[in-house]
Amino acid sequence: MVNQSTLENGSIMNSGLMCALLFVVSAAVLAQPVAGRFPDQKPPDRYVLIHAGILLAVPGARPQTGMTVVVRNDRITAIESGYLTTVEGAAAGSVPLIVDLSDRFVLPGLMDAHVHLWHEPSFSRHRAERGDRHPPWPGVPGSGAEGAVNAMIFARRNLAAGFTTLRDLGADDEAVFAVRNAINAGRMIGPRILLAGSSIAVTGGHGDSTPMARTGDEIERLANGTCDGPMECRKAVRYQYKLGADVIKFTSTGGFGSNTGLDPQLFPDEIQAIISTAHLLGLKTAAHAYSPIAIKDAVRAGVDSIEHGFLLDDEGIAMMKKAGTFLVPTLSASYPPPIFRIPDPPSVKLRNEYRAFERAHAAGLNIAFGTDAGTFAHGDNAKEFELMVGFGMTPMDAIRSATVMTAELFGISAEAGTLEPGKLADLVAVKGNPLESVAVLGNIDFVMKSGRIAKQDGRMIEPFNYPAVVE
Ligand SMILES: [Zn+2]
């Protein structure tokens, strides 16, 4: 009987699925002539008027009080003093939505230049508790499907924490591509994601997760971003480009997450091949680099950002300053220690000994906010602000690093990073003043991304009305 009923349910499910498919097909067929018959018929403009008690429109400049941010569809059209209730030039009958943040501090959406969306420590812990077989790399999902589900959940958690743009710097398969595409197509709420795909590593290096038995398999190596020698490294970059990567990440040295040491692993000609190929294709490059030699090799080859840079020396700082290279400090990755649950971990000792962040900041380097979220819980990214301020940055500069500077590093300054007419309406609000206590950024109250409210009064909005068909 049980089997019979399961079967019946199964067949009902199947016919339901068939109906759904037929609906999708007919909707797609209908979409074309309707659009053709009424070419000028667009949905009416949506207006939102945000009443900001304190508005930090351009981090680095003075905040203003009692301002209105005028949003039309996905963009800011004006910023006016006082609290407006109507929109000049709006079509007759269009009623703007008014969002009262008159007792809040409003600032541009935050950006994290270094996350790994497909995992976090709790995930691998749960797997271990369930008795799952451990994957070859600590903490990574057992399959791309799991990685994609993780990325959906974690992307949303980052958005709830006020991060409207993320740069994902490495996952071992295409899971995060699927999530990025779904978010960008408007099928799912989430932060804007720029991603690297697999980070490029040499055989046996930090990030080479190719199974030992398949070390000679070219496709396996390309999929994992593994390459040796300039020609292979060019191909590895082109492979990630073909998959749709927005940025190329390479691991120039080992790191805290692998037992491969902290010294250089790539030859200068390999680094040169990676960076020049990426730049030829219009992609920015990010070098995971600890040792000062590896940092300098990457800077010489024109890398756009040094990730971590924990052993940065004075010569390296001078070279980065001259070239305009960004440092993405990821203090959270070392302090407090994310993965290693051991007392007195080497990462903290190393960081405190070299104080690369403090010296880079004192020298006036470009510093872009990045955390390495995924080596700790997604959504805790704002703790990096407290570390940065604790190590001598002003709250204003820390906020600037996560808005203006990240936008510049990502090459999206014309679209995001500040609140100005013409830019995307990505903004967040908090209770309290983050310029007085940067810790309040750990409690984001309101989030708007591309003109859509994602979080209000501390709660995520649940948008169920996603389009069934996405163009
Ligand atoms: Zn990382």
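1. Glycine 186, which sits just after helix H4, takes a positive phi of about 80°. This value, like everything else in this note, is computed from a predicted model and should be read with that in mind.

2. Helix H4 itself, which spans residues 175-184, is mostly covered, since 7 of its 10 residues are buried. Those buried residues are Ala175, Val176, Phe177, Val179, Arg180, Ala182 and Ile183, a list in which you will find the charged residue type arginine at position 180. As background, residues three or four places apart in an α-helix point the same way, because there are 3.6 residues a turn.

3. What do the buried residues of H4 pack against? Their partners are two helices, H3 (144-160) and H6 (229-243), together with two strands, E6 (163-168) and E7 (192-195).

4. Val179 of H4 also appears in the largest nonpolar core, a set of 127 residues, where Val179 is listed with Val69, Val106, Ala151, Ile248, Ile274 and Ala298 as touching the most other members. Strand E1, residues 47-55, supplies the largest share of this core, with 7 residues. In general, nonpolar side chains tend to be buried together in soluble globular proteins.

5. Valine 69 is a useful residue to follow on the structure, for when residues up to four places away in sequence are left out, valine 69 touches Ile50, Ala52, Leu55, Ile76, Ile79, Leu419 and Leu427.

6. Turning to the whole chain, there are 14 helices and 16 strands, and 49% of the 471 residues count as buried. Among contacts with a separation of 6 or more, 69% are accounted for by residues 24 or more positions apart.

Note on methods: Residues are numbered from 1 along each chain as its sequence is written. This is a predicted model: local features need pLDDT of at least 70, side-chain atom pairs count only at pLDDT 80 or more; totals for chains, interfaces and linings use all residues. Helices (H or I, at least four residues) and strands (E, at least two) are DSSP runs, numbered from the N terminus. A residue is buried if 20 or more other C-beta atoms lie within 10 Å of its own, exposed if 12 or fewer, and partly exposed in between; C-beta atoms are placed from the backbone. Two residues are in contact if their C-beta atoms, placed from the backbone, lie within 7 Å. A nonpolar core is a set of buried Ala, Val, Leu, Ile, Met, Phe, Trp, Tyr and Cys residues joined through C-beta atoms within 7 Å.
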